[in-house]
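Trainee: Could you take me through one part of this structure slowly? I would like to see how a sheet is put together and what lies against it.

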Amino acid sequence: MHQRIVILDFGSQYTQLIARRVRESGVYSEIVPCTIDTRELIGMNPEGIILSGGPSSVYDEGAPSLDPAILNLKRTDGSDMPVLGICYGFMIMCQTEGGAVEKADQREFGRAKLIVDDDSDLLSDVSTESIVWMSHGDKVTVLPSSYDVIAHSQNAPIAAVRSRTLPHFGVQFHPEVVHTKDGRRILENFTHRVCGCAGDWSSASFIDDKIAEIRATVGDDHVLLGLSGGVDSSVAAVLLHKAIGDQLSCVFVDNGLLRKGEWEQVQSTFRDHFHIRLKAVDASDLFLSRLEGVSDPEKKRKIIGATFIEVFDHATDELVTEVGVRPKYLAQGTLYPDVIESVSFKGPSATIKSHHNVGGLPEEMNFEILEPFRELFKDEVREIGRLLEVPPAIVDRHPFPGPGLGIRIIGPVNRHDLDVLREADAIFIEELVDKNLYHDVWQALAVLLPVRTVGVMGDERTYENVCALRAVTSLDGMTADWAHLPHEFLAHVSGRIVNEVVGINRVVYDISSKPPATIEWE
């Protein structure tokens with residue numbers, strides 16, 4: 001087992017960033033709700049604990065609290081447990097220890113200059129005047145008696161603190177965001193200097209550990225994986241095949257909503273390159289017949305999901321007959337953000353849209369679930385894919401929703417419109433790759449709108465569809481900004497689509513950020 005840092009989530013939008021930054025320092029981290037039972041927390045054997053920020057004020061009715069016992073925990077070696085409180089975590093720690101928190105006269109949001117008063121331990125090697133990111137409307141007015149100030153800013157006289165009696169620290173700012181210049185150094189000081197972590201966790205060590213774990217779990221049994229052609233399921237397939245070889249079988253379903261060339265590419269890659277047993281099922285006619293006339297995006301998702309389960313179940317039965325063995329395990333590409341979302345201290349988040357992973361498989365299928373990536377973030381899965389020599393065309397691919405192009409056609413789905421959208425999408429992606437812009441964006445896509453506009457092509461009047469292009473930049477897809485692609489590039493892509501794709505005579509570019517918009521249109 002690798003050393004780990006446990007992060008108590010108080011509802012901050014940045015909690016996942018804390019975990020990512022800690023892992024980047026070579027230390028494994030896990031996020032748990034702040035309501036976790038202290039005995040369960042002790043059982044995780046952490047080397048240190050980080051208290052995240054949060055949207056509440058510590059004095060609000062119903063605001064998340066901190067079990068005082070957490071501030072008195074011991075590590076397995078008998079030493080005092082290091083604790084770092086960030087923003088709300090800092091304030092709830094101070095309040096719990098006898099300090100006072102009040103509403104600030106002036107809310108502080110954005111960049112601030114941090115003046116370091118003590119550069120030992122937590123703030124070692126941090127610039128004397130460093131830029132940090134503040135986001136708070138409250139302030140600590142009275143420190144617990146054992147705490148000292150180790151940094152301040154113009155509007156926050158208590159910007160960072162340290163306990164004289166315990167390895168406890170607190171910061172008013174957010175070291176996990178990129179806007180904090182020395183944030184990574186501060187978190188690494190906590191994990192390495194304060195907690196004494198060796199920093200020996202990496203993607204390579206994860207591969208070795210996970211292969212051993214898969215072999216121990218699966219034994220002589222077989223595993224079934226629903227392969228979509230996306231990053232998560234593709235890398236999972238290669239990892240599982242490396243661990244158990246022909247005990248793995250994959251099912252790839254063409255639901256008629258795939259990207260251009262995807263049906264052929266997935267089969268070629270996994271059959272010919274990796275020599276993985278793959279059953280490919282063309283069920284496009286079935287899916288499209290059931291989607292006929294359906295406009296509501298939630299109904300589309302439910303139809304696609306239910307039909308996938310039906311097709312997957314039938315394909316499994318055929319595969320069992322062909323192989324002669326019924327798989328005991330069903331492997332899924334669940335990622336850590338999905339796990340975090342389901343265990344939030346507030347409960348599962350409000351449904352904005354149905355999740356596009358399969359999920360909800362009927363109990364009668366009698367599979368045990370195997371989720372090799374449930375501890376990982378997307379970028380970590382990509383790195384593992386590179387180490388496993390998964391082709392860049394797959395491992396660096398932009399995210400793609402399970403319902404595919406079905407939710408990129410606004411309104412009813414039909415084969416003709418899918419073909420039109422496929423061509424437009426392919427041109428957009430092809431040009432991003434050709435102009436070396438593909439890796440500058442998190443996700444890029446084309447959307448076919450239920451709008452027809454008048455156009456002129458040659459000497460003739462046209463009345464055809466509008467295509468919207470969408471490209472965003474993001475770290476993890478939780479928030480996103482629209483990509484500021486060069487105007488000349490967008491004009492070139494628009495010209496190609498209008499000239500080459502019959503059925504589109506107008507192209508628009510989406511400049512909405514998330515929030516308030518989502519990345520996908522449906």
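Mentor: Let us look at the nine-stranded sheet, and then at a helix pair and the core around it.

This is a predicted model, in which local features need pLDDT of at least 70 and side-chain atom pairs count only at pLDDT 80 or more, while totals for chains, interfaces and linings use all residues. Residues are numbered from 1 along each chain as its sequence is written, and side-chain values use heavy atoms, with hydrogens and water left out.

A few words on names come before the tour. Helices (H or I, at least four residues) and strands (E, at least two) are DSSP runs, numbered from the N terminus. Two strands pair if DSSP finds at least two bridges between them. Strands of a sheet pair through backbone hydrogen bonds, either parallel or antiparallel.

Now to the sheet itself. Its nine strands follow the order β2-β1-β3-β4-β9-β8-β7-β5-β6; the sheet is open and its pairing is mixed. At the edges stand β2 (28–33) and β6 (129–142), each with a single partner strand, so one side of each has no neighbour in the sheet. On average, neighbouring strands are turned by 20 degrees against each other, direction ignored. Axes here are lines fitted to C-alpha atoms, for helices over the stretch in contact, and angles run from 0 to 180 degrees between N-to-C directions.

Both kinds of pairing can be found in this sheet. β1 and β2 are parallel, with six bridges, and Ile5 has Ser29 of β2 as its bridge partner. β7 (residues 147–152) and β8 (residues 160–163) are antiparallel, with four bridges, and there Tyr147 is partnered by Ser163 of β8.

Stay with β1 for a moment. Six of its six residues are buried (under 20% relative accessible area; exposed is over 50%, partly exposed in between; 1.4 Å probe, protein chains only), so β1 is largely enclosed by the rest of the structure. One side carries Arg4, Val6 and Leu8, the other Ile5, Ile7 and Asp9, and all are buried.

Helices pack on this sheet too, with contact meaning heavy atoms within 4.5 Å. Helix α1 (residues 15–24) touches β1 (4–9), β2, β3 (48–51) and β4 (83–86), and its direction makes about 160 degrees with that of β2. Helix α3 (residues 88–96) touches β3, β4, β5 (100–116), β6, β7, β8 and β9 (168–171), at about 115 degrees to β4.

Next comes the helix pair. The axes of α13 (residues 415–434) and α14 (residues 487–500) come within 10 Å and cross at roughly 145 degrees. Residues in their contact include Phe428 and Leu432 of α13 and Phe489 and Ile497 of α14.

Those four names return in the largest nonpolar core, which has 46 residues; Phe428, Leu432, Phe489 and Ile497 are among those with the most contacts inside it. Such a core is a set of buried Ala, Val, Leu, Ile, Met, Phe, Trp, Tyr and Cys residues joined through side-chain atoms within 4.5 Å. α13 gives the largest share, seven residues. Leu469 is also among the residues with the most contacts in this core; not counting residues up to four places away in sequence, Leu469 touches residues including Phe428, Val493 and Ile497.
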